[in-house]
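Here is a short report to read alongside the structure. Please keep the viewer open and follow along as the residues come up.

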Amino acid sequence: PLVFVLDANRQALADIFAVRVLLEVGAAEAAARLADEATVDRLRDLVAAMRSAADADGLLEPDLAFHRLIQETSGNALLLALMDGLRTLTRESLLLS
């Protein structure tokens, strides 16, 4: 687990988001090369669901599913594990801030 990295300061959350951006860009690049038509269709459906969300609660589920699908489609199990850890760190950091 990556929780040991968490420090209850303002910089921790910014650092977590910076790392997530770097990993998500790599995941998106890999997923773009590897995605089949069914995956692209599912991503489109998730984008449509996000656009039609009436509020933040309605946005959350399709947003999480969208990012998870990209990460899964990247074909990189380590990236998937790292992103799961970063999600936990983000949650922990937000609770402490």
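## Charged pairs, core and confidence

Let us begin on the surface: Arg44 is exposed, with a relative accessible area of 52%. That puts Arg44 just inside the exposed class, because the class takes in values over 50%. The model you are looking at is a predicted one.

Arg44 has a charged partner in Asp41, and their closest N and O atoms are 3.5 Å apart in a salt bridge. The two residues sit three places apart in helix α2, so about one helical turn separates them. Asp41 itself counts as partly exposed, at 35% relative accessibility.

By the rule used here, the salt bridges number six. As general background, side chains of opposite charge can pair when their charged atoms come close. Three of the pairs are set out below.

| Salt bridge | Closest N to O distance |
|---|---|
| Arg44 and Asp41 | 3.5 Å |
| Glu24 and Arg20 | 3.5 Å |
| Asp84 and Arg87 | 2.4 Å |

Glu24 and Arg20 are both in helix α1, four residues apart, or about one turn of the helix. Although charged, Arg20 is buried, with a relative accessible area of 17%. It earns that label because buried means under 20%.

In helix α4, Asp84 and Arg87 are three residues apart, so about one helical turn lies between them. Asp84 is partly exposed at a relative accessible area of 30%, whereas Arg87 is buried at 19%. Through shared salt-bridge partners, Arg68, Glu72, Asp84 and Arg87 are joined into one network.

Now for the fold as a whole. The protein chain has four helices and zero strands, and its elements run α-α-α-α from the N terminus. Of its 97 residues, 29% count as buried. The accessible surface comes to about 6,600 Å², and carbon and sulfur atoms account for 60% of that area. Among contacts with a separation of 6 or more, 68% are between residues 24 or more positions apart.

Which residues touch the most other members of the largest nonpolar core? They are Leu43, Phe66, Ile70 and Leu86, out of 13 residues in that core. The elements giving two or more residues to this core are α1 (10-34), α2 (37-51), α3 (56-73) and α4 (77-96). Helix α4 gives the most, with four residues. In general terms, nonpolar side chains tend to be buried together in soluble globular proteins.

Phe66 is a good residue to click on. Setting aside its neighbours within four places in sequence, Phe66 is in contact with Leu43, Leu46, Val47 and Met50.

Another stop is Ala35, in the loop between α1 and α2. Is Ala35 buried or partly exposed? With a relative accessible area of 25%, Ala35 is partly exposed. Not counting residues up to four places away in sequence, Ala35 touches Val40 and Thr73. Ala35 and Leu69 are 34 residues apart in sequence, with their C-alpha atoms 9.9 Å apart in space.

Finally, a word on confidence. The protein chain averages a pLDDT of 87, and 85% of the residues score at least 70. Confidence is highest in α2, at a mean of 98, and lowest in α4, at 83. As a general caution, where pLDDT is low, the predicted coordinates should not be read in detail.

Notes. Residues are numbered from 1 along each chain as its sequence is written. This is a predicted model: local features need pLDDT of at least 70, side-chain atom pairs count only at pLDDT 80 or more; totals for chains, interfaces and linings use all residues. Side-chain values use heavy atoms; hydrogens and water are left out. A nonpolar core is a set of buried Ala, Val, Leu, Ile, Met, Phe, Trp, Tyr and Cys residues joined through side-chain atoms within 4.5 Å. Buried means under 20% relative accessible area, exposed over 50%, partly exposed in between (1.4 Å probe, protein chains only). Contact means heavy atoms within 4.5 Å. Accessible areas come from the Shrake-Rupley method with a 1.4 Å probe; for residues, only the protein chains shown count as cover. pLDDT is the predictor's confidence in each residue, from 0 to 100. A salt bridge is a side-chain nitrogen of Lys or Arg within 4 Å of a carboxyl oxygen of Asp or Glu.
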